[in-house]
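The following exercises concern the charged and polar side chains of a single chain and the fold that carries them. Each task is followed by a solution in steps.

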Amino acid sequence: MKKSIFKIMALLFVALFSSAVLSSCSDDDEPSGDALKERLQGTWNFSKMKIKVADQTFVVGIDELKQASDADYIVDEVLSFNGDKVNGQYYEIKGNKILLPYYDGQDWWGEVSFSGSQLVLYYDITAEGIRVQEWAYYEPATRSASFIPAQGNAALIPNSFSFVLK
């Protein structure tokens with residue numbers, strides 16, 4: 001009888017320990033709210049974008065994005081976060097999602113995550129019946145909360161854009 005109680009207690013301990021270890025390794029460790037705001041502070045440089053549309057995936061840099069979109073400005077090459085502003089304009093945070101100022105009219109909330117030292121913004125957008133998923137990758141340029149915001153070209157971002165597949 002003592003052995004079976006000991007086995008049950010040992011199994012219970014292993015189960016509790018395993019669930020604690022597994023939950024501590026989950027993706028829920030991504031910052032959100034004020035912790036996300038703090039982690040974003042500084043300047044981030046665009047490195048690449050992964051785009052998935054119609055079951056095809058493309059990885060492109062800024063030059064390819066500009067060329068493929070026929071737009072002068074489709075993505076921020078630099079994101080400079082300083083308090084409640086990015087590139088001098090206010091942004092919003094809800095949980096682990098961010099609404100950049102020029103996507104406000106479309107209500108495009110980007111899910112924020114970090115892969116190593118990279119900032120990743122994920123968008124899942126359906127426009128004109130077509131689902132487009134995109135991941136924008138940024139590398140840290142500075143990690144300081146005190147800097148002069150870059151004068152971005154946010155005014156040049158079109159209200160809507162389309163991808164031309166050739």
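**Exercise 1. Classify the exposure of Arg-131 and of its salt-bridge partner.**

Step 1. Arg-131 has a relative accessible area of 45%, so it is partly exposed, a class that lies between buried (under 20%) and exposed (over 50%), with a 1.4 Å probe and protein chains only.

Step 2. The side chain of Arg-131 forms a salt bridge with that of Asp-124, at 2.6 Å from N to O. The criterion is a side-chain nitrogen of Lys or Arg within 4 Å of a carboxyl oxygen of Asp or Glu.

Step 3. Asp-124 is partly exposed as well, at 40%.

Before proceeding, note that the model is predicted: local features require pLDDT of at least 70, side-chain atom pairs count only at pLDDT 80 or more, and totals for chains, interfaces and linings use all residues. Residues are numbered from 1 along each chain as its sequence is written, and side-chain values use heavy atoms, with hydrogens and water left out.

**Exercise 2. Determine how many salt bridges the structure holds, and locate the one formed by Lys-37.**

Step 1. The count is two.

Step 2. Lys-37 pairs with Asp-84 through their side chains, at 2.2 Å from N to O. This pair links distant parts of the chain, 47 residues apart: Lys-37 belongs to helix H2 (residues 33-40), while Asp-84 sits in the loop between strand E3 (78-82) and strand E4 (85-86). Helices (H or I, at least four residues) and strands (E, at least two) are DSSP runs numbered from the N terminus.

Step 3. Both residues are partly exposed: Lys-37 has a relative accessible area of 27%, and Asp-84 one of 39%.

**Exercise 3. Is Asp-76 buried or exposed, and which side chain does its own side chain contact?**

Step 1. Asp-76 lies in the loop between helix H3 (62-69) and E3.

Step 2. Its relative accessible area is 2%, so Asp-76 is buried.

Step 3. The side chain of Asp-76 makes a polar contact with the side chain of Asn-87 at 3.5 Å. Such a contact is a pair of N or O atoms within 3.5 Å; within protein, one must be able to donate a hydrogen and the other to accept it, and residues adjacent in sequence count only if both atoms are side-chain atoms.

**Exercise 4. Describe the chain as a whole.**

Step 1. The chain contains three helices and ten strands, in the order α-α-β-β-α-β-β-β-β-β-β-β-β from the N terminus.

Step 2. Of its 166 residues, 33% count as buried.
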